[in-house]
Amino acid sequence: MDWLNAIVQGTLLGGLYALFAAGLSLIFGVMRLVNIAHGDLIVLAAYLGLTVTTATGIHPLLALAIVVPVMAAIGYVLQRSLLNQTLGDDLLPPLLVTFGLSVIIQNALLEGYTADPQKLSAGGLETASFALGGLTLGVLPVLTFAIAIAVIWGLQWTFYQTALGRAFRAVSDNQDIAQLMGLNRRHIFGLAMALALAVTAVAGILLGIRTSFDPSIGGGRLIFGFEAVIIGGLGNLWGTLIGGVILGVAQTIGAQIDPGWQILAGHIAFLIILAVRPNGLFPRISA
Amino acid sequence: MTTTTYSVTRSSQAARVAAILGALVLIALIAAPWWAGRADMRLMGELFLYLSLATLWNLMAGYAGLVSVGQQAYVGFGGYMLFALTMFGGLHPLAAIALSGILGALISIPVAVLIFRLRGAYFAIGTWVIAEVFRLGFAQVSALGGGSGSSLPVAIVKSLASKRAMRESLSYWLALGAAVLVVTAVYLFLRSRKGLALTAIRDNETAASSLGIDIWRTKFIVYVVTSAFTAMIGALIFLQKLRISPDAAFSVNDWTAFVIFIVVIGGIGTIEGPIIGTLVFFLLRETLADLGTTYLIVLGIVAIVVMLKAPKGLWGLIRSRFDIQIFPLGYRITKRD
């Protein structure tokens, strides 16, 4: 029963990892940008949530109404003012600029909020649970998983059913021809980053309710998201969800064996999949 | 009728002058224990080790296109090997440093086979995962102090040299020697046949491949050699620190972020760049260190601005203005009257 419990809890944890990964996957799909600052942006969203909840006293989930648009605005401005300048054939500029951004965000958070671990207080939601067939499930993990499915479904729908999604797919396929067809790729990239950071905001708030956080944990969150993307296969959002679940299950099973092995087991599962299936389990595009 | 003859040379007046000046500076640096204070020697020792790390990272990222954000894996690995080999293997610290280089090369082979499957930016994050695996792995080894780390026993430190002043001089010379060795090795490598292949890959991978260069193999060799040297530098770093812990040994900020900033600010893809970058980095650090986190924010901003406005770094600006090369790699045609 312990093992079944570990698998179920790991699956639910995978929902959070899929949320870390969805934004990463989205911007790579649209503009082939790998954002090293992604994890720090998740942490930034958690801190924004902290500021909003302490200033107004509202529930962290209600704070999403403020944090999501703020993060989306940050994303648009960041893309148009900085990241668009780095896009091109050379791989180095986007990588190094987002790496610099990561260091800046991390230290700015350290300056503003100190290194003390913080947590978003969600009252009864943090500890609420219900029994299901002999297992006890936390309401928050189940809610997180449901939100992850909803977000990924929403992104899929945006990509394949809306005019904006068509623009995303067009610039993804061929930037120059999309430009000739009257799409402003700089604007489209800005919107893609805004959407990615809106998802990041949701991930950050849910992270902040689930565990404590401090400015230094961004790198770790980036790695979890990245592993979920690679396990699932590039360009496949549902694959990313499965990747997150595999990572989450590997971690909870590792923790079941020895608590010190939790994170390590996730990394090892990732490396095994990389060795066996270098393109991930369900690849759609090649990098 | 006058004829003009042309000659093809590698060297130049500037390079010859720089070589003489460099030799003089090197002699002065070797003599540092007789003229510099203890604090200055410590600082210079640290500078030489950062210069070595930056030169190695530049060889990978600037020439082989292998942008790694996980070199702390080998810095930490080398440091831990120094501790393990001296404490449990009973080796002399100098032998342990050499052996940690060999072990670093050995462990980098399976790592390379695995992460070379990732392309471009995903390769970068893949290297970070490896570094995390190393960090978490060494934190599990209770003989080396687990998560809290351990100190180098006094007997081992004394085996290096019994007097403190001698130890400090020796530690300084090792750092200086490492920097000279690394810069010279990279310089000679880039002048060799393999180096030419590497430069071709940097300029255009497809064209290089069509000329018969085995890209995977060339990159693989660069990765393994860089890892070996990085592990040796890591062993030297922790021989100076005398204390190791997983978080310090595998710190992404200390061993990768700073190194990347040094190379980007100095000028990526040149031998001179990391040298200038290291000097600028230490100058900034010594003047702004009191600002704490603000200093890191400033460093990040400077690196972003340099990357966007002057992608070839400070050395690139100097070179485009004065057309000089201190470490002559390419050939130039000069007219003789």
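Visitor: What makes Thr127(B), Trp128(B), Ile130(B), Ala131(B) and Thr256(B) count as contacts of Gly70(B)?

Guide: In this predicted model, Gly70(B) touches those five residues once residues up to four places away in sequence are left out. The cut-off for a contact is C-beta atoms, placed from the backbone, within 7 Å.

Visitor: How far apart are Gly70(B) and Thr256(B) in sequence and in space?

Guide: They are separated by 186 residues in sequence, with 6.8 Å from C-alpha to C-alpha. Gly70(B) itself sits in the loop that links helix 3 (38-63) and helix 4 of chain B.

Visitor: Why is Gly70(B) called buried?

Guide: The threshold is 20 or more other C-beta atoms within 10 Å. Gly70(B) has 24 such neighbours, so the residue counts as buried.

Visitor: Helix 4 of chain B follows that loop. What makes helix 4 of chain B largely enclosed by the rest of the structure?

Guide: Buried residues make up 15 of its 16, so helix 4 of chain B is largely enclosed by the rest of the structure. This helix covers residues 72-87 and spans 22 Å from first to last C-alpha, close to the 22 Å expected at 1.5 Å a residue.

Visitor: How do you know that chain B as a whole is as compact as a globular protein of that length?

Guide: Let's start with its make-up: chain B holds 16 helices and four strands. Its radius of gyration is 21 Å, and the globule rule gives 20 Å for 337 residues; the two are close, so chain B is as compact as a globular protein of that length. In addition, 43% of its 337 residues count as buried. Among contacts in chain B with a separation of 6 or more, 78% join residues 24 or more positions apart.

Visitor: Which part of chain B gives the most to the side that touches chain A?

Guide: Here 32 residues of chain B are in contact with 32 residues of chain A. Helix 6 of chain B gives the most to that side, with 11 residues. On the chain B side, the residues divide into 23 nonpolar, six polar and three charged.

Visitor: Which residues touch the most other members of the largest nonpolar core?

Guide: Leu19(A), Ala192(A), Val202(A), Ile205(A) and Leu236(B) do, in a core of 195 residues. Helix 8 (residues 185-210) of chain A supplies the largest share of this core, 17 residues. Leu19(A) touches several residues beyond four places away in sequence, including Ala148(A), Val199(A) and Val202(A).

Visitor: Why do strand 1 and strand 2 of chain A count as paired?

Guide: Pairing needs at least two bridges, and strand 1 (residues 129-132) and strand 2 (residues 135-138) of chain A have four, so they count as a pair, in the antiparallel sense. Ser129(A) has Gly138(A) as its bridge partner. In the hairpin, Gly133(A) takes a positive phi near 50°.

Visitor: What is the phi of Arg32(A), and why is this residue called partly exposed?

Guide: Its phi is near 55°, a positive value in a residue other than glycine. Arg32(A) lies in the loop between helix 1 (2-31) and helix 2 (38-56) of chain A. Partly exposed means between the exposed limit of 12 or fewer and the buried limit of 20 or more. Arg32(A) has 16 C-beta neighbours inside 10 Å, so it counts as partly exposed.

Visitor: How do you know that Leu242(B) is partly exposed?

Guide: Leu242(B) has 14 C-beta neighbours inside 10 Å, so it falls in the partly exposed class. Its phi is near 65°, a positive value in a residue other than glycine.

Key
Residues are numbered from 1 along each chain as its sequence is written. Chains are lettered from A and ligands numbered from 1 in the order in which they are written. This is a predicted model: local features need pLDDT of at least 70, side-chain atom pairs count only at pLDDT 80 or more; totals for chains, interfaces and linings use all residues. The radius of gyration is taken over C-alpha atoms; the globule rule is 2.2 Å times the number of residues to the power 0.38. Two residues are in contact if their C-beta atoms, placed from the backbone, lie within 7 Å. Ala, Val, Leu, Ile, Met, Phe, Trp, Tyr, Cys and Pro count as nonpolar, Asp, Glu, Lys and Arg as charged, and the others, Gly among them, as polar. The expected span of a helix is 1.5 Å times one less than its number of residues. A nonpolar core is a set of buried Ala, Val, Leu, Ile, Met, Phe, Trp, Tyr and Cys residues joined through C-beta atoms within 7 Å.
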